[in-house]
Structures are given as C-alpha cells and as structure tokens.
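Colleague: I have this model open on my screen and would love a guided close look at one part of it. Could you take me through it at your own pace?

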Amino acid sequence: MTPSKAFPLSSKRSKIVVLAGLAVALLLIATIVVVGSHWPFRRDAVLQQLEKASQSRVTATAFHATYFPRPGCALENVRFQHNAADGSPPLITIQRLRIESSFPGLFAKHLRRIRAEGLHLLIPPLGSEHFETPERSTFQIEELIADGAVLEVTSRNADKSALKFSFHNFVLGNVGSSGPASFHARFSNAEPPGEITTSGKFGPWNSDDVAKTAVLGEYSFQDADLGVFHGIAGQLTSSGKFSGMLSRMEVQGETDVPHFTVTSSSHQVQLRTQFHAVVNGENGDTFLQQVVATFWKTTVAAEADVAGVSGEPGKTANVELTSRDGRIQDLLLLFIRSQRAPLSGTVSFHAKVSIPHGKRPFLQKVQLHGDFGIDAARFTKPETQQGVNHLSEGALG
C-alpha cells in the first residue's frame, strides 16, 4: 500500500480521536456543571443540614472542602447551640468533624464516613428543654465514628455532679437508610463505674413516635464497683441480650459478684443472679419481673422496680423477696461481724423492701416488711441452746 493511499485512513482516525476527545471534554464540562450546581459540601449547605438534623444553631470556626481522592469536607470547633437565648452551654461540641463521600455518592446522597473527633454531648436536666423529634436523615451514612466521645447527663439537683460516660469506641453503621442502623460501643459507665461493651441494631427510626423505635442487641458489663451504693461493696460482672422498643426493652441476663459484702458485715459471699427485666430507655426506669439469686446454700426469688417517683429526685427501689427452705445462718451472716451465725436452721420468708433515693447508709434507709418462719432452729452457742431447751421443757411441764 502506498503512502498516498494510507493518508486518508490516518485522517479519518485523527478525526475520530478529535471527536472522541471533544465528547469527553463536553462530558467533563457537563459533569462539572451538574456536580457544581448540586455540590453538597459547601459551608452553608453543610451547616444547614447539621442544623436541620439537630434542631440547633450550628457554627464552626473553620471549613475545608476536599475533592480528591474522596469528595467531602472538614469543620473545626463545631458548636451545636440548642437554646442560645438563655445562655445555656452548647448541646454538642466537636473539635473536628470530617465528612467523606464518593463521586457516585454525590448523586445518591450517600456518605461513606463521618468522623467526629473530640465530641462532647451535654444532656440537660429532663424536662428543662423541649426537643422536637427529628425526621430520618435524607442522607445515608455508611459509617459514623465517634471514638473518644464524652456524654454528660445533667442532674436536676444543682449540687449533684453530672453523670459522665466516656466512650472508648463508638460506631454507627447504615444510618439514615430505610432499614435498621447497626451500633457498637465500648464505654465507661457512670454509676456504678465499670466498663460496658454493647452491639446490635437500632431502628428504623420512628419519627412519629420515637418510643416505638425497635432495638436489638447484647451487652457485657465488667468490673462494676458496687461500692458507689452506700452500704454494699463488690465487683459485679453482667452479660445479657435485649430486644423490643426504646420505651420497652426486654432484657435477659445474669450477674455475678464474687465477693459481695454488706459493709456492716465482715463476710463476703458469691452472689449470682439470673434475671428478666423490662427497661424504659427514655427515662431509665427498670422493672425486674423475674430474678433468682443464690448465695451460699440459699436461693431467693425476687421481683423489683427501680423507677422515678413523681415530684421526687432520683429513683426508688422496691423489691419483693421470697425464699423457701433457705438457711437462716446464710441470711444472718450477710449482716453481722461474728465469724459464726448465732442461729442455724431452715427459713422461709416473704418480704417487701423499699430503698429510697439518698446518701444515707444502706441499713438506715432500707424499709422492710414481711413474715418468716424457722424450722429446726438451733443456737450456735451450747449454753444459749441449753437455756432455750430448759425454757421449752418448763413451758411443756
């Protein structure tokens, strides 16, 4: 083939390359125009979305847009002010908020990751502020990470310090989708102090009635220090599963306190329980519907509630206890300092116990009503038993 005959073919290829390049250029220009007009990571657009989601006034001292390799933005010193008029502290502060998406995600309202560094959430006293229920987010968030977050719950009592929960790890997944979100958290509990690990699913979000939002998961509670409750001591571990709605979660679990102690006593005992409870996740009220506790060779069945009382601070515990064929010496050793119980025998009882809120020692504030019976009772000291025997013989004679 001669060069003169090959030239037209080369010319055609050049035209195709030029046309293809022009098409790509037009496509890029069109993409830039479309994306630019719908770019979600503008400062005003991001702050507006955060305000809508939190129902708060949101400010940031700095804003940085990112484009490659992933589109998104970063905000510095973010403050969520729910009620600025009364001069109250911000509801949420975040040292650095990083938002990442992908270019396909820009059109699908899909965020790859949100990372909140140095997050501090301050919950005001219950009833002090009004919050409207937020609707489900229009953005789907693949992963929300808030490791190192701190949650503080303010008390109505101005003299009482806020309860503080420090989160070592906190991850939410699949947020804002039509299905449930997943969660995993590991944090230090406020009262009793200890380490909690929990994971499960939450939702889908019910904006019409938050209390009916579904929840499902499991937990473990390690090294809980019972000494914070005046009058008792010991390190508690607990594990279990929960399911239901936010306002009514069914919890099935067990606890173990290897060295449980009533501080007025000198005796330690392994206290184990298995329980079924209903928990109101909105206010923390807990209703123990079935508890079986064992210590030494005695078993006690119980029902209880730990709930707030209208017009009073804190929560009051009410417990109903029943035991059949237990040992009276086991009960006595819980409360006395003597090495041996003064009485032994078989005991059966039914009792109602009320423990009101307050810092008084346990034995001073506990209220007990009930009845009991002891069979085959015998005093530990021989002289005491002999005296009782003589009295019995005299009465019979």
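What pLDDT does the protein average, and what share of the residues score at least 70? After that, please take me to the hairpins of β16, β17 and β18, and then on to the salt bridges.

Modeller: Happy to! This is a predicted model, and the protein averages a pLDDT of 81, with 78% of the residues scoring at least 70. One stretch to treat with care is residues 25-37, where the pLDDT is below 50. Beyond near neighbours in sequence, that stretch has four contacts in the model.

A little orientation before we zoom in. The protein contains six helices and 21 strands. Of its 397 residues, 34% are buried. If you take the contacts between residues at least 6 apart in sequence, 47% of them join residues at least 24 apart. The accessible surface comes to about 24000 Å², and carbon and sulfur atoms account for 58% of that.

Now to the part you asked for. Strand β16 covers residues 269-279 and strand β17 covers residues 286-295; the two pair in the antiparallel sense over eight bridges. To find your place in this pairing, look for Phe 275, which stands opposite Val 291 in β17. Six residues lie between the strands of this hairpin, and Gly 284 takes a positive phi near 80° there.

Carry on along the chain and β17 is joined by eight bridges to strand β18 (residues 298-308), again running antiparallel. Here a good marker is Phe 287, whose bridge partner in β18 is Asp 305. The hairpin of β17 and β18 has two residues between the strands, and Trp 296 takes a positive phi near 50° in it.

Stay with β16 for a moment, since Val 278 lies in this strand. Val 278 counts as buried because its relative accessibility is 6%, under the 20% cut-off. Leaving aside neighbours within four places in sequence, Val 278 is in contact with Asp 285, Thr 286, Phe 287 and Gln 289, and also with Arg 248, Met 249 and Glu 250. Phe 287 is thus a residue you have met already, as the bridge partner of Asp 305. For a further reference point, the C-alpha atoms of Val 278 and Ser 243 are 9.7 Å apart in space, with their positions 35 residues apart in sequence.

A useful contrast is Phe 372, found in strand β21 (residues 367-379). Phe 372 counts as exposed because its relative accessibility is 62%, over the 50% cut-off. Not counting residues up to four places away in sequence, Phe 372 touches Ser 348 and Phe 349. Its C-alpha atom is separated by 8.2 Å from that of Ala 351, 21 residues away along the chain.

Another exposed phenylalanine is Phe 68, at 71% relative accessible area, in the loop between β2 (62-66) and β3 (72-81). Together with Tyr 67 and Phe 103, Phe 68 makes a nonpolar surface patch of about 370 Å².

That brings us to the charged side chains. Side chains of opposite charge can pair when their charged atoms come close. The count here comes to 10 salt bridges. One of them links Arg 42 and Asp 44, with the closest N and O atoms 3.5 Å apart; Arg 42 is partly exposed at 36% relative accessibility.

Another salt bridge joins Glu 100 to Arg 112, whose closest N and O atoms are 3.2 Å apart. Glu 100 lies in strand β4 (residues 92-101) and Arg 112 in strand β5 (residues 110-117), so this pair ties together parts that are 12 residues apart in sequence. Both residues are partly exposed, Glu 100 at 24% relative accessibility and Arg 112 at 27%.

Next, look at Arg 113 and Glu 143, whose side chains meet in a salt bridge at 3.0 Å, N to O. Arg 113 lies in strand β5 and Glu 143 in strand β7 (residues 140-145), so the pair ties together parts 30 residues apart in sequence. Glu 143 is partly exposed too, at 25% relative accessibility. Put these residues together and you have a network of salt bridges linking Glu 100, Arg 112, Arg 113 and Glu 143.

Key
Residues are numbered from 1 along each chain as its sequence is written. Side-chain values use heavy atoms; hydrogens and water are left out. pLDDT is the predictor's confidence in each residue, from 0 to 100. Contact means heavy atoms within 4.5 Å. Two strands pair if DSSP finds at least two bridges between them. Helices (H or I, at least four residues) and strands (E, at least two) are DSSP runs, numbered from the N terminus. Buried means under 20% relative accessible area, exposed over 50%, partly exposed in between (1.4 Å probe, protein chains only). Accessible areas come from the Shrake-Rupley method with a 1.4 Å probe; for residues, only the protein chains shown count as cover. Patches are made of residues with over 30% relative accessible area and no salt bridge: like charges are joined within 9 Å, nonpolar side chains (Val, Leu, Ile, Met, Phe, Trp, Tyr) within 5 Å. A salt bridge is a side-chain nitrogen of Lys or Arg within 4 Å of a carboxyl oxygen of Asp or Glu.
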